[in-house]
Amino acid sequence: MYARLTGEDIANRVDGPLLFLRRSVDVGLNEAVEVEDVGGAVRLGRIAALDEDSVTVEMLDDTAGLRIDGTRVRFFGEPLRFHVGPGLLGRIFNGVGKPLDGGPPLAAEQAFRVDGLPLKPSARQAPSEFLETGFTAIDLMNSLVRGQKLPLFSGGGLPHDRIAVDIACNARLPGAQRERGGADVRDDDDFAIVFAGIGIPHGSAEFFRSSLEQSGALARTVLFLNLASDASAQRLLTPRFALTAAEYLAFEEGKHVLVILTDLTNYCEALREVSASRGEVPSRKGYPGYMYSDLATLYERAGRIRGVPGSVTQVPILTMPNDDITHPIPDLTGYITEGQLVLDRELHRRDLYPPIKVLPSLSRLMKDGTGKGLTDPDHPALAAQLYAAYAQAQQTRILASVVGEEGLSETDRLYLAFGERFETEVVAQSGRRTLYQSMEAGWQALRGLPQQELTRLSDAQIRAPRAGGSSRAG
């Protein structure tokens with residue numbers, strides 16, 4: 001970007017992350033600016049609002065110590081752009097795309113607007129291919145499909161950071177495992193991760209960086225770290241820079257990109273703070289009325305384009321205040337995305353990992369990415385049977401709390417035992433599982449139920465042999 005216009009002594013006041021200027025030049029919304037104080041320090045910003053007499057600049061760097069007198073503002077005449085190139089993978093950036101890893105500047109070949117460009121609905125291709133995360137509760141029960149946006153609803157103190165790192169380390173494309181020299185080697189040349197930490201403490205940032213580095217996943221990852229100590233307005237751009245990197249990798253380099261954004265609640269809190277600084281009329285719980293459309297500008301950047309080999313898949317993570325799923329942030333997210341994964345505090349108290357609550361979790365695109373020719377012909381029926389049996393087990397637990405286990409029928413007791421097996425042997429796991437290992441865990445859990453209870457499975461599926469010569473279930 002090259003400065004188009006410069007204004008001197010036009011600053012009126014600073015209010016939190018906002019700098020207010022007299023309008024002395026012709027500028028437009030979302031244009032990038034540089035603010036240089038009398039000491040020569042340069043801060044980046046963008047135009048957030050304007051009228052006939054004034055311009056409001058959203059500062060992306062800390063405004064502490066910024067004086068009004070002698071401040072010089074350079075206007076670039078274009079929106080913020082992220083300069084990207086082939087050396088993007090393996091790099092670590094801050095929330096506005098500046099390297100944090102001590103490496104050389106990125107050898108950029110192209111510059112993309114961080115706000116993204118709208119896609120015509122007719123240009124979109126429907127998601128239809130499975131993406132493996134290594135978690136049974138996701139891969140088997142709520143499958144993720146390339147091009148989908150599937151949020152994770154968490155709560156304070158739950159292990160969403162660990163889940164995010166495990167997904168980044170273990171996710172792969174089906175068929176990306178092959179034999180090489182007698183060893184089982186991963187071949188993920190067409191797969192990449194974009195990981196963005198938004199408003200996170202230093203401890204979490206170091207955990208993300210060290211975990212990805214030690215596992216070797218950093219080599220296929222672009223990592224963005226926006227710290228809690230950074231300017232709040234910078235949090236509004238971190239996911240946009242991350243998604244810009246993902247779009248470049250997907251639609252220019254042809255990779256299938258998984259984007260992990262954590263924590264979107266910090267993003268929304270920053271949105272509320274900046275909105276209040278502008279004096280905008282608040283909506284539910286003080287959040288701006290346009291939060292729905294603002295979140296949509298992030299989530300709708302997932303997808304596939306007809307004729308282009310790559311894809312952008314999103315797993316945004318948010319913490320629900322007070323575990324309230326009706327809070328505006330998860331509520332609006334649920335309207336925009338294609339399902340949700342919900343973490344359960346009770347499972348976490350029992351030290352079961354991952355504590356994914358299966359019944360309220362949902363992947364609306366699972367049917368488009370599983371089954372014959374995609375995963376396994378028995379996958380949809382097995383998932384449906386496990387879901388139905390676990391729902392029955394939960395109802396039986398409620399009944400047992402009223403009448404006691406002595407008052408239950410023999411079948412009800414079998415369902416109680418199944419519910420315990422399902423949580424401890426299917427949902428909970430100690431390491432990464434392939435889809436077929438997840439399916440085997442599901443078949444094992446069903447073996448304690450009578451065959452007449454397996455109404456979602458065909459007779460052929462029930463009688464199909466397993467390793468060892470026995471039937472799969474019953």
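Contact here means heavy atoms within 4.5 Å. That goes for every close-up below, and the model itself is a predicted one.

**View 1. Helices H11 and H12 cross and pack against each other.** H11 covers residues 379-403, and H12 runs over residues 410-427. Their axes sit 8 Å apart, at an angle of about 115°, and the crossing is left-handed. On the H11 side, the residues that meet H12 are Leu386, Ala389, Tyr390, Gln392, Ala393, Gln394, Thr396, Arg397, Leu399 and Ala400. Facing them from H12 are Asp412, Tyr415, Leu416, Phe418, Gly419, Glu420, Phe422 and Glu423. Sort the residues of this contact by type and you get ten nonpolar, four polar and four charged.

**View 2. Phe418 sits among the best-connected members of the largest nonpolar core.** That core has 64 residues, and Leu258, Phe418, Phe422 and Leu446 touch the most other members. Helix H11 supplies the largest share of the core, with seven residues. Zoom in on Phe418 and, leaving out residues up to four places away in sequence, you'll find it touching Leu386, Ala389, Tyr390, Ala393, Ala445, Leu446 and Leu449. There is also a second, separate core of 54 residues, with Leu80, Phe82, Phe224 and Leu236 among its members.

**View 3. Phe135 and Tyr353 pair up edge-to-face.** Their ring centres are 5.9 Å apart, with 75° between the planes. The two come from distant parts of the chain, 218 residues apart. Phe135 belongs to the loop between strand S12 (130-131) and helix H1 (136-139), while Tyr353 lies in the loop between helix H9 (345-349) and strand S23 (356-363). Both rings' residues fall under the 20% cut-off for buried: Phe135 has a relative accessible area of 3%, and Tyr353 comes in at 11%.

**View 4. Four phenylalanines form a ring cluster.** Phe82, Phe93, Phe224 and Phe241 are linked through ring pairs. For the wider picture, the structure holds ten aromatic pairs. Phe82 and Phe224 also turn up in the second core, the one with 54 residues.

**View 5. Ser275 is a buried serine in helix H6.** H6 spans residues 264-277. Ser275 counts as buried because its relative accessibility is 3%, and the cut-off is under 20%. Who are its neighbours? Setting aside residues up to four places away in sequence, Ser275 touches Glu280, Pro288 and Tyr290.

Terms used
Residues numbered from 1 in each chain as written. Predicted model: local features only at pLDDT ≥ 70, side-chain atom pairs only at ≥ 80, totals over all residues. Heavy atoms only, no water. Core = buried A, V, L, I, M, F, W, Y, C linked by side-chain atoms within 4.5 Å. Buried < 20%, exposed > 50% of the residue type's maximum accessible area, 1.4 Å probe, protein only. Helix = DSSP H or I, 4+ residues; strand = E, 2+ residues; numbered from the N terminus. Axes fitted to C-alpha atoms, helices over the stretch in contact; angles between N-to-C directions. Left-handed = near helix turned anticlockwise from the far one by under 90°. Nonpolar A, V, L, I, M, F, W, Y, C, P; charged D, E, K, R; others polar. Phe/Tyr/Trp six-rings, centres within 6.5 Å; stacked < 30°, edge-to-face > 60°.
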